[in-house]
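Here is a short tour for anyone who likes to look at side-chain contacts and open space. Have the viewer ready and follow along.

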Amino acid sequence: LILAMDACYGIHVYGMINDTYCKSEGFRKVPYHYYEPGRDECEEYFLHENAPYGGHRFITEKNVFAKWAKKHTIIFTHPNWTVS
């Protein structure tokens, strides 16, 4: 996304949930990996977000993307993000 912001006038991001999706009412439970059973996407995100070390801070990352979208032309669709 950093490279795209530097090289493009506008960015369209498709299929990325926002940082509050997993805490919203009625969110869809989907597998983290389509090819293996196990935790769903939100369970995996919370696991990584709260890991004492390592891990990928998915929720924090999405929060940063939302802040960037306030200053750059970044449009998130499917689901749509409300960037205020």
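Which side chain does Asp40 meet in a salt bridge? Its partner is Lys29, with 3.4 Å from N to O. Please keep in mind that this is a predicted model. Asp40 sits in the loop between strand S1 (11-14) and helix H2 (41-49), and Lys29 is also in the loop between S1 and H2, so the pair ties together parts that are 11 residues apart in sequence. The two ends have their own surroundings: Asp40 counts as buried at 9% relative accessibility, while Lys29, at 59%, counts as exposed.

The count of salt bridges comes to 2. The other pair to display joins Glu44 and Arg39, whose side chains meet at 2.8 Å, N to O. Glu44 is buried, with a relative accessible area of 10%, and Arg39 is partly exposed at 43%.

Both pairs are set side by side here:

| Acidic residue | Basic residue | N to O distance |
|---|---|---|
| Asp40 (9% accessible) | Lys29 (59% accessible) | 3.4 Å |
| Glu44 (10% accessible) | Arg39 (43% accessible) | 2.8 Å |

Now for the open space. Rolling a probe the size of a water molecule over the atoms shows where empty space is left. In this model, the largest pocket holds about 180 Å³. Which residues line the largest pocket? The lining is made up of Gly15, Ile17, Tyr21, Arg28, Val30, Glu41, His78 and Pro79. By character, that lining divides into 4 nonpolar, 2 polar and 2 charged residues.

Definitions and conventions
Residues are numbered from 1 along each chain as its sequence is written. This is a predicted model: local features need pLDDT of at least 70, side-chain atom pairs count only at pLDDT 80 or more; totals for chains, interfaces and linings use all residues. Side-chain values use heavy atoms; hydrogens and water are left out. A salt bridge is a side-chain nitrogen of Lys or Arg within 4 Å of a carboxyl oxygen of Asp or Glu. Helices (H or I, at least four residues) and strands (E, at least two) are DSSP runs, numbered from the N terminus. Buried means under 20% relative accessible area, exposed over 50%, partly exposed in between (1.4 Å probe, protein chains only). On a 1 Å grid over the protein atoms alone, a cavity is a set of points where a 1.4 Å probe fits but cannot get out, and a pocket is an open set with protein on both sides within 12 Å along at least five of seven lines; lining residues have an atom within 4 Å of a point. Grid points are joined across faces, edges and corners, and a volume is the space filled by probe spheres set on the points. Ala, Val, Leu, Ile, Met, Phe, Trp, Tyr, Cys and Pro count as nonpolar, Asp, Glu, Lys and Arg as charged, and the others, Gly among them, as polar.
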